[in-house]
Each structure stands twice: as C-alpha cells, then as structure tokens.
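Colleague: I have the model open and would like to walk through it slowly with you. Could we start with the empty spaces inside and then move outwards?

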Amino acid sequence: MEKNKKTSSAPIVVSKPFLTGNPVDTTTGKSALLIFGSLVVVAVLYLIVCSMMMFDSLALRIVVNGLVVFLTLAVFYSSGMSQGSVAVNNGEIMHHRRETGAQILPEELARSYHPLKGFLTGLAGTLPLFLCALVFAFITSKQMTGIGALPSWVAALEGREEVGPALAFYRTGGGWTLESILRIIIRLSLMPYVNMIGSSNAEGLLLLERLSPILVLFPGLAYGVGYTQGVKVRSRVHADIAKNVRKKAKKNARSKKAPKAKGPIELN
C-alpha cells in the first residue's frame, strides 16, 4: 500500500519533442539591448537603495547587500528562464509543423531553443560594461586620502618665489580622467559589493576593481543559466496539463458510476 501511495504521489514528467534552433538569431540583438538596459536600471536602483545600506556593522552590510545581489541575479535568472521556455515552445511548434508537413522558415527555426543562446545573449548584453571594467581593471590605482584645505593666511605667502611653486600644487585640480569616469560607472554597477567592503578599505576596493570584469558578468551568466531551465519549465507545464486532464477524466468516471437519484413515486 505504501508503495502504491508513493507511486501515485510521484510527479508526472511529460516532455514533448522540439527542434533545436541556432545559438544566435534575429532577436539576439534586441534581447541583448534589453539586458543592457536592465543593467542601467539596476545601477540607478543601486544608487538609490544601496546608499541607505552603508551600516557601521560589517556583518549587517554583508547580509543586506548580499541579499540585494542575490535578488538581482534572481531577476536575471527568472528572465532567462522565461525566454528559454518561450524558445522551447517555439521548438515544439516547429517539430509539429515538420511532422505535419507544414512549411518551416529558417528564421523561425533559428528562434527555437539552443542551450548556448541564453549565455551568448546574456554576455552580449553585459559586453559594454565588461569592456569598461576590463579597461578600468588595468588602469585603476589605489585611492589615497585627498589633500586637505590650506589655511587662509597661507595665501599671503604665495607671492614669494621660494614658497609660490610649492603652494601651486595645492591649487591644481584633479579634473576628469578616464580612470575617474570608469570608476563611477563600475562602482555604480557594483554598489552592493562596494558597500560590503566599505569606503575606508582602500586595499579591498582596489581588489574589487581588479576583479570587476568578472563580477559584471554575473547577471549575464545568471540569465544564461536560467535560459537552460526552459526545457524543465515546459516539462512542468505539460505535466500540469496532463494532471488536470487525469483529474477531469476521473471526475467524469465517478459521475458516470454514481447511481442516479430516483424521482418521487406517483400514487394513483
């Protein structure tokens, strides 16, 4: 009896055959642009949300900002899984057309599921950010404490020949450089990691900037991994359909077997 119960409660696995498409199709560019746009939106949200998560406690910073990173990757994973499911569904349609002798256009077949498509699309979407991070990783340097302001009375000494050149160094502005511009872009994209390390940890931030080409790829990789789950998603959809059909069939069988209620007997 226990074995029968286990067998009946086991999940139904239903998979339909589908045709495999190409790693790249006509929608790859559009999907990559959407991923890049999502990364820009995420960076803006990081600026708003993560600015309120710079706690004094290191443990609290790691937990809260780590949760933000997890949620971000989960969103890209879910997006990839949804697109993978759509691609598998398209492959099932293409397989049905082939079995019925209907016409299959090459561009339609190319849009079907391919295990590499999600990774290529995700990495293409993160490519602009990856290139910025790659250049920045080579030119970045350790951030040092800035020069403090000079007292106002020192201005009277600037006219002296032996003092003026030395004080001129303090009047020279840093200006915008490629390193400073890329630092803003990369730190906005990796704001939760910056918060976890802390703004006072110069060595840790330098290491983070060196590793930024790898870290900025995580959302694209999460999208690719999610895309590969499209086959399982479609299998669960078919299993749910089959389960509902079985329930309906059992319900109809029980209603047919049930004795019909007899009406009142008329007395003459």
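**Spaces, cores and two residues**

Modeller: Keeping in mind that this is a predicted model, the count of cavities of 30 Å³ or more comes to one.

Colleague: What volume does the largest cavity have, and which residues are closest to its centre?

Modeller: The largest cavity has a volume of about 170 Å³, and of the 15 residues that line it, Tyr46, Thr72, Ser189, Leu190 and Pro219 are the closest to its centre. The elements that give two or more residues to this lining are α2, α3 and α10, and α2 gives the most, with four residues.

Colleague: How do the residues of that lining divide into nonpolar, polar and charged?

Modeller: The lining of the largest cavity divides into 13 nonpolar residues, two polar ones and no charged ones.

Colleague: Now the pocket, please: what is the volume of the largest one?

Modeller: The largest pocket has a volume of about 250 Å³, and of the 14 residues that line it, the closest to its centre are Asp25, Thr27, Gln83, Ala87 and Arg111. Two or more lining residues come from each of α2 (28–49), α3 (58–100), α5 and α10 (218–228), with α3 giving the most, namely four residues.

Colleague: And how does the pocket lining divide by residue type?

Modeller: In the lining of the largest pocket there are four nonpolar, seven polar and three charged residues.

Colleague: Let me step back to the whole chain: how many helices and how many strands does it have?

Modeller: The secondary structure comes to eleven helices and zero strands. Of the 268 residues in the chain, 32% are buried, and the chain exposes about 17800 Å², of which carbon and sulfur atoms supply 66%. Among contacts between residues at least 6 apart in sequence, 80% join residues at least 24 apart.

Colleague: Which residues touch the most other members of the largest nonpolar core?

Modeller: That core has 14 residues, and those touching the most other members are Ile186, Leu190, Tyr193, Leu208, Leu215 and Val216. Helices α5 (117–139), α7 (178–189), α8 (191–197) and α9 (202–215) each supply at least two residues of this core. There is also a second, separate core of eleven residues, which includes Met53, Phe76, Ala222 and Tyr223. As background, nonpolar side chains in soluble globular proteins tend to be buried together.

Colleague: Could you pick one core residue and say what tyrosine 193 touches?

Modeller: Leaving out residues up to four places away in sequence, tyrosine 193 touches Val69, Leu208, Leu215 and Phe218.

Colleague: I was also looking at methionine 191; where does it lie, and why does it count as buried?

Modeller: Methionine 191 lies in helix α8, and it counts as buried because its relative accessibility is 15%, while the cut-off for buried is under 20%. If residues up to four places away in sequence are not counted, methionine 191 touches Tyr46, Leu47 and Cys50. Methionine 191 and tyrosine 46 are 145 residues apart in sequence, and their C-alpha atoms are 6.1 Å apart in space.

Colleague: One last residue: is glutamate 92 buried or exposed?

Modeller: Glutamate 92, whose place is in helix α3, counts as buried because its relative accessibility is 10%. Leaving aside neighbours within four places in sequence, glutamate 92 is in contact with Lys16, Pro17, Phe18, Arg234 and His238.

Key: Residues are numbered from 1 along each chain as its sequence is written. This is a predicted model: local features need pLDDT of at least 70, side-chain atom pairs count only at pLDDT 80 or more; totals for chains, interfaces and linings use all residues. Side-chain values use heavy atoms; hydrogens and water are left out. A nonpolar core is a set of buried Ala, Val, Leu, Ile, Met, Phe, Trp, Tyr and Cys residues joined through side-chain atoms within 4.5 Å. Buried means under 20% relative accessible area, exposed over 50%, partly exposed in between (1.4 Å probe, protein chains only). Contact means heavy atoms within 4.5 Å. On a 1 Å grid over the protein atoms alone, a cavity is a set of points where a 1.4 Å probe fits but cannot get out, and a pocket is an open set with protein on both sides within 12 Å along at least five of seven lines; lining residues have an atom within 4 Å of a point. Grid points are joined across faces, edges and corners, and a volume is the space filled by probe spheres set on the points. Ala, Val, Leu, Ile, Met, Phe, Trp, Tyr, Cys and Pro count as nonpolar, Asp, Glu, Lys and Arg as charged, and the others, Gly among them, as polar. Accessible areas come from the Shrake-Rupley method with a 1.4 Å probe; for residues, only the protein chains shown count as cover.
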